[in-house]
Amino acid sequence: MTQITLDQARTAIRATFDAGAEAGLKPLSAIVLDAGGHVLAFERQDGSAPGRFTIAHGKAYGAVMLGMPGSAQMDRAESQHYFMTAVNGAFGGAVVPVPGGILVKDGDTVIGALGVTGDTSDNDAAAGLKGLEAAGLTGAA
């Protein structure tokens with residue numbers, strides 16, 4: 001597999017929402033980006049704030065553009081804030097370096113990212129990993 005299909009993107013989002021409901025999470029928003037950072041699919045659950053698109057996008061965008069999941073970006077921001085500040089400047093402030101930005105990989109190749117927001121960042125990531133698994137995709141959170 002060299003790319004994420006639209007069907008896989010939609011399945012990942014729906015299964016992420018199902019995992020969130022099963023865990024009793026707040027309403028979620030989720031986005032899937034391809035390897036170039038382009039939007040394949042986005043959905044926002046009823047009750048999710050409209051600004052969640054930008055947060056979900058920022059989580060996924062940072063993951064795909066840097067080739068590292070949100071948890072690694074957060075670690076980097078905490079240990080080397082100047083690096084993430086520079087990265088965010090280079091990307092026009094579009095990176096949200098926290099868990100919930102999940103790399104989608106085929107072996108060692110990044111094929112896209114899933115961004116999930118709405119609950120705690122760790123819960124967002126956990127729901128997203130379940131969503132990717134249901135879509136037959138491999139995620140790194």
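Let's start with strand β4. Of its 9 residues, 7 are buried, so β4 is largely enclosed by the rest of the structure. Buried here means under 20% relative accessible area. One caution before we go on: this is a predicted model.

Who are the partners of β4? Take β3 to begin with. β3 and β4 are antiparallel, and 6 bridges pair them. Look at I102: its opposite residue in β4 is L114. Next, L103: its bridge partner in β4 is A113. The two strands make a hairpin, with 2 residues between them. Find G107 in that turn. Its phi is positive, about 65°.

Now β1. It is joined to β4 by 6 bridges, and again the two run antiparallel. A30 is a good residue to click on, since V116 in β4 is its bridge partner.

A word on what holds such pairs together. Strands of a sheet pair through backbone hydrogen bonds, either parallel or antiparallel. And in a regular strand the side chains alternate between the two faces of the sheet.

Step back to the whole sheet. In what order do the strands lie? The order is β2-β1-β4-β3-β5. That makes an open sheet of 5 strands, with antiparallel pairing. Which strands sit at the edges? They are β2, residues 39-44, and β5, residues 138-140; each has pairing on one side only. From one strand to the next, the twist averages 20°.

Let me show you the β5 side. Strand β3, residues 101-106, runs antiparallel to β5, and 3 bridges join them. L103 turns up again: opposite L103 in β5 is A140.

What packs on this sheet? Helix α1, residues 6-23, does. The helix touches β1, β2 and β4. Its direction makes about 25° with that of β2. For your notes, β1 covers 29-34 and β4 covers 109-117.

α1 also meets another helix, α5, residues 121-134. The two axes come within 7 Å and cross at roughly 135°. Parallel, antiparallel, perpendicular or oblique? Over 145 degrees would count as roughly antiparallel, and 65 to 115 as roughly perpendicular. α1 and α5 are therefore oblique to each other. The crossing of α1 past α5 is right-handed.

Which residues make that contact? From α1 we have T11, A12, A15, T16, A19 and G20. From α5 we have A127, G128, K130, G131, L132 and A134. By type, the contact of α1 with α5 has 6 nonpolar residues, 5 polar and 1 charged.

Three single residues to finish. First up is K59, in helix α2, residues 52-66. Buried or exposed? K59 is buried: its relative accessible area is 2%, and the cut-off for buried is under 20%. What does K59 touch, beyond its neighbours within four places in sequence? Its contacts include V96, V98, P99 and G100. G115, V116 and T117 are among them too. So are Q73, G101, S121 and D124.

Next, G51. You will find G51 in the loop between β2 and α2. Its relative accessibility is 44%, so G51 counts as partly exposed. Now compare G51 with S29. They are 22 residues apart along the chain, and their C-alpha atoms are separated by 9.6 Å.

Last, A141, in the segment after β5. A141 is partly exposed as well, at 27% relative accessible area. What does A141 touch, leaving out residues up to four places away in sequence? Its contacts are P69, G70, S71, I102, A125 and L129. You met I102 earlier, opposite L114 in β4. One distance to end on: A141 and T120 are 21 residues apart along the chain, with 14 Å between their C-alpha atoms.

How values were computed:
Residues numbered from 1 in each chain as written. Predicted model: local features only at pLDDT ≥ 70, side-chain atom pairs only at ≥ 80, totals over all residues. Heavy atoms only, no water. Pairing = 2+ DSSP bridges. Helix = DSSP H or I, 4+ residues; strand = E, 2+ residues; numbered from the N terminus. Axes fitted to C-alpha atoms, helices over the stretch in contact; angles between N-to-C directions. Contact = heavy atoms within 4.5 Å. Parallel < 35°, antiparallel > 145°, perpendicular 65-115°, else oblique. Left-handed = near helix turned anticlockwise from the far one by under 90°. Nonpolar A, V, L, I, M, F, W, Y, C, P; charged D, E, K, R; others polar. Buried < 20%, exposed > 50% of the residue type's maximum accessible area, 1.4 Å probe, protein only.
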